[in-house]
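Work through the exercises below with the model open. Try each task before reading its solution.

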Amino acid sequence: MSQDGSWGVPAGLPTPSGPYSLASATSDGLIHTAGLVALDAAGAVVGEDDAAAQTREIFAQARTILRAADASLAEVVFAHVFLSDMRHYEVINAAYREAFAETGRPLPPRYCIRADLVKDALLVEIAFVARKGG
């Protein structure tokens, strides 16, 4: 992790396409991820036309990022969810529930907004906030 609390790209994750870090941490243990999308390390879309597969890929990325910060999904306190089309809402909800089920904790609060995403093939984007020891 760098001096400003952001860190480099963990192995296997896509490099940000803009001027931002994939995550940062505050001195009190609050971790913020960027909006994560289903891109592989080479920048190719994972799960094209499959909202559930894209959601699972996003959670895999979140696990990697949180692990780099010595945290886990169990410590997520809020999620920001963006969908390209609300017709994917139920499918994404199922994959979202499945990912958080492994924590054994209540689902964190979130919002879900329909939005244009950076690539037409991307169906979902999720940003996470976690608190170490939370």
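**Exercise 1. A loop residue with an unusual backbone angle**

In which loop is the place of Asp49? Then decide whether Asp49 is buried or exposed, and give its phi.

Solution. The model is predicted, and every value here is computed from it.
- Step 1: locate the residue. Asp49 sits in the loop between E2 and H1.
- Step 2: read the backbone. Its phi is positive, about 65°, although Asp49 is not a glycine.
- Step 3: check the cover. The cut-off for exposed is over 50% relative accessible area. Asp49 has 72% relative accessibility, so it counts as exposed.

**Exercise 2. A second positive phi**

Find the loop that holds Asp70, and work out its class of exposure.

Solution.
- Step 1: Asp70 belongs to the loop between H1 and E3.
- Step 2: phi is positive here, at about 60°, and Asp70 is not a glycine.
- Step 3: with 64% relative accessibility, Asp70 counts as exposed.

**Exercise 3. The overall fold**

How many helices and strands does the chain have, and in what order do they run? Compare the radius of gyration with that of a compact globule.

Solution.
- Step 1: count. There are 2 helices and 5 strands.
- Step 2: order them. From the N terminus the chain reads β-β-α-β-α-β-β.
- Step 3: test compactness. A compact globule of 134 residues would have a radius of gyration near 14 Å; the chain has 14 Å, so the two agree.
- Step 4: look at the extents. The C-alpha trace spans about 40 × 35 × 20 Å along its principal axes.
- Step 5: look at burial. Of the 134 residues, 45% count as buried.
- Step 6: look at contact range. Take contacts between residues at least 6 apart in sequence: 71% of them join residues at least 24 apart.

**Exercise 4. Surface and charge**

How much area does the chain expose, and how far apart are the centres of its positive and negative side chains?

Solution.
- Step 1: the exposed area is about 6800 Å². Carbon and sulfur atoms supply 51% of that area.
- Step 2: the chain carries 11 positive and 16 negative side chains. The centres of these two sets lie 6 Å apart.

**Exercise 5. The two helices**

For H1 and H2, compare the end-to-end reach with the expected one. Then list what packs on each helix.

Solution.
- Step 1: H1 covers residues 51-68, which is 18 residues. Its first and last C-alpha atoms are 26 Å apart, close to the 26 Å expected.
- Step 2: H2 has 13 residues and reaches 18 Å, close to the 18 Å expected.
- Step 3: the buried residues of H1 include Ala51, Ile58, Phe59, Ala62, Ile65 and Leu66. They belong to a buried set that packs against E1, E2, E3, H2 and E5.
- Step 4: in H2, the buried residues are Ile92, Asn93, Ala95, Tyr96, Ala99 and Phe100. Their cover includes H1, E3, E4 and E5.
- Step 5: recall the helix geometry. An α-helix has 3.6 residues a turn, so residues three or four places apart point the same way.

**Exercise 6. Gln61 and Leu39**

Which residues is Gln61 in contact with, beyond its neighbours within four places in sequence? Do the same for Leu39.

Solution.
- Step 1: Gln61 is part of helix H1. At 2% relative accessibility, it counts as buried.
- Step 2: its contacts are Leu13, Pro14, Leu36, Val37, Ala38 and Leu39.
- Step 3: Leu39 lies in the loop between E2 and H1. Its relative accessibility is 13%, so it counts as buried.
- Step 4: the contacts of Leu39 include Gln61, Pro14, Glu57, Lys119 and Leu122.

**Exercise 7. Ala130 in the strand**

How far apart in space are Ala130 and Leu30, C-alpha to C-alpha? Which residues does Ala130 touch?

Solution.
- Step 1: Ala130 is in strand E5. It is buried, with a relative accessible area of 0%.
- Step 2: Ala130 and Leu30 are 100 residues apart in sequence, yet 5.8 Å apart in space.
- Step 3: not counting residues up to four places away, Ala130 touches Gly29, Leu30, Ile31, Leu66, Glu75, Val76 and Val77.

Note on methods
Residues numbered from 1 in each chain as written. Predicted model: local features only at pLDDT ≥ 70, side-chain atom pairs only at ≥ 80, totals over all residues. Heavy atoms only, no water. Helix = DSSP H or I, 4+ residues; strand = E, 2+ residues; numbered from the N terminus. Rg over C-alpha atoms; globule rule 2.2 N^0.38 Å. Buried < 20%, exposed > 50% of the residue type's maximum accessible area, 1.4 Å probe, protein only. Contact = heavy atoms within 4.5 Å. Areas by Shrake-Rupley, 256 points an atom, 1.4 Å probe, with all protein chains shown as cover. Lys, Arg positive; Asp, Glu negative; His and termini not counted. Charge placed at Lys NZ, Arg CZ, Asp CG, Glu CD. Expected span 1.5 Å × (residues − 1).
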